[in-house]
Amino acid sequence: MSRFWSAGVAELTPYVPGEQPQMQRLIKLNTNENPYGPSPRVLAAIREALGGDADALKLYPDPDARRFKQAIANRFGIDVANVHVGNGSDEVLANVFQGLLKHDKPILFPDITYSFYPVYCGLYGVAFENVPLTDTFEIRVDDYLKPNGGIIFPNPNAPTGRVLAGGEIERLLAGNPDSVVVIDEAYIDFGGESAAGLIATYPNLLVVQTLSKSRSLAGLRLGFAIGHPDLIEALERVKNSFNSYPLDRLAQAAGVAAIEDEAYFDETRRAVIASREALVARLTALGFDVLPSTANFVFARHPSHDAAQLAAALRERSIIVRHFKQARVAQFLRITVGTQAQCVAFTDALKEILVS
């Protein structure tokens, strides 16, 4: 702590991202990155953006990222006025907390969920209330039908992987007409049903997505939100009061190419889904309890083995997974779905650990 800090900094509890280790020959299953590279069209777009004009990088990028917004609008059949973009969905969410969720009443989100939400609340002075998941780690809509300053949750939820069905989301929206409902769809492309089609019906709905997972672009930081123009205007006001140029030229070019290459997107997400189902079967055969997942990760525990000890034993074998220390989930491991070969190597290592 320093005497030069601004008031309140010492009280902040920063978000802790997943580890990015420098170990060699690592099987990295801890941060939900896509095991497949981005579309070849993305790489071509980046090369073109670099090679078309040697002086291009001396100029600022388009502050409105119009081509990227248009690609998103085209994909969802909406207008550009319905789209906001940012430097990863985390920046988009930061704009959401500042622009849409700071009211007199507390916002609501699950007790087991994306751990950045309470961090944003602390940073921006947003009051919040944790709503417990059920005993089977599901979101119960009835628990959110009460006065609030807004609602936010991932769908599928993280780290549980459980999804809330579209009909339940509509019931939630209809039951909260005076509150913004933010659906954080970072993992929706791996088996869930997006709420994007509901934005024309519900002006209180904001859907947030990222290109980090299903588009394999975690390293370029591209995220977006879609919703009613009134909601988007608030986000644009916040963005242009903080950073007018959140997306550089290369990221914008890559984003357009990634969104437009629907065939590659579908091929790789289907490969992840197939690997996930095979991984669940192998874990179940080893005695693990695995929550139903529609994400690119699974959440699993073994009734006879401590999760922290399993994570440590895997690390000794150059395999890393995510272990959370919250009381309700302290015996679970969150395991990113890798390639088929990575998943086999992971479960083979687990089998060896369990019998040792």
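The exercises below work through how two domains meet in a predicted model.

**Exercise 1.** State which residues belong to each domain, and find how far apart the domain centres lie.

*Solution.* Begin with the division of the chain: domain 1 covers 21–37 + 263–355, and domain 2 covers 40–260. Next, take the centres over C-alpha atoms; 26 Å separate the two. Finally, count the residues in contact: domain 1 contributes 27 residues and domain 2 contributes 27 residues.

**Exercise 2.** Find the area buried between domain 1 and domain 2, and name the three residues of domain 1 that supply more of its share than any other three.

*Solution.* The buried area comes to about 2200 Å². Carbon and sulfur atoms give 59% of that area. On the side of domain 1, the three residues are F265, T294 and R328, which together supply 32% of what this domain buries against domain 2.

**Exercise 3.** Determine how many salt bridges and how many polar residue pairs link the two domains.

*Solution.* The count of salt bridges between domain 1 and domain 2 is one. R328 forms a salt bridge with D111. The closest N and O atoms of this pair are 2.8 Å apart, and the cut-off for a salt bridge is 4 Å, so the pair qualifies. For polar contacts, eleven residue pairs are found across the interface.

**Exercise 4.** Describe the side of domain 1 that touches domain 2 by its elements and residue classes.

*Solution.* Start with the elements: α8 (262–285) and β10 (297–301) each supply at least two residues. The largest share, seven residues, comes from α8. Then sort this side by class: 13 residues are nonpolar, nine are polar and five are charged.

Terms used. Residues numbered from 1 in each chain as written. Predicted model: local features only at pLDDT ≥ 70, side-chain atom pairs only at ≥ 80, totals over all residues. Heavy atoms only, no water. Domains from an automatic or database assignment. Contact = heavy atoms within 4.5 Å. Buried area = accessible area lost by both parts, 1.4 Å probe. Salt bridge = Lys/Arg side-chain N within 4 Å of Asp/Glu carboxyl O. Polar contact = N/O pair within 3.5 Å; in protein donor to acceptor, adjacent residues only side chain to side chain. Helix = DSSP H or I, 4+ residues; strand = E, 2+ residues; numbered from the N terminus. Nonpolar A, V, L, I, M, F, W, Y, C, P; charged D, E, K, R; others polar.
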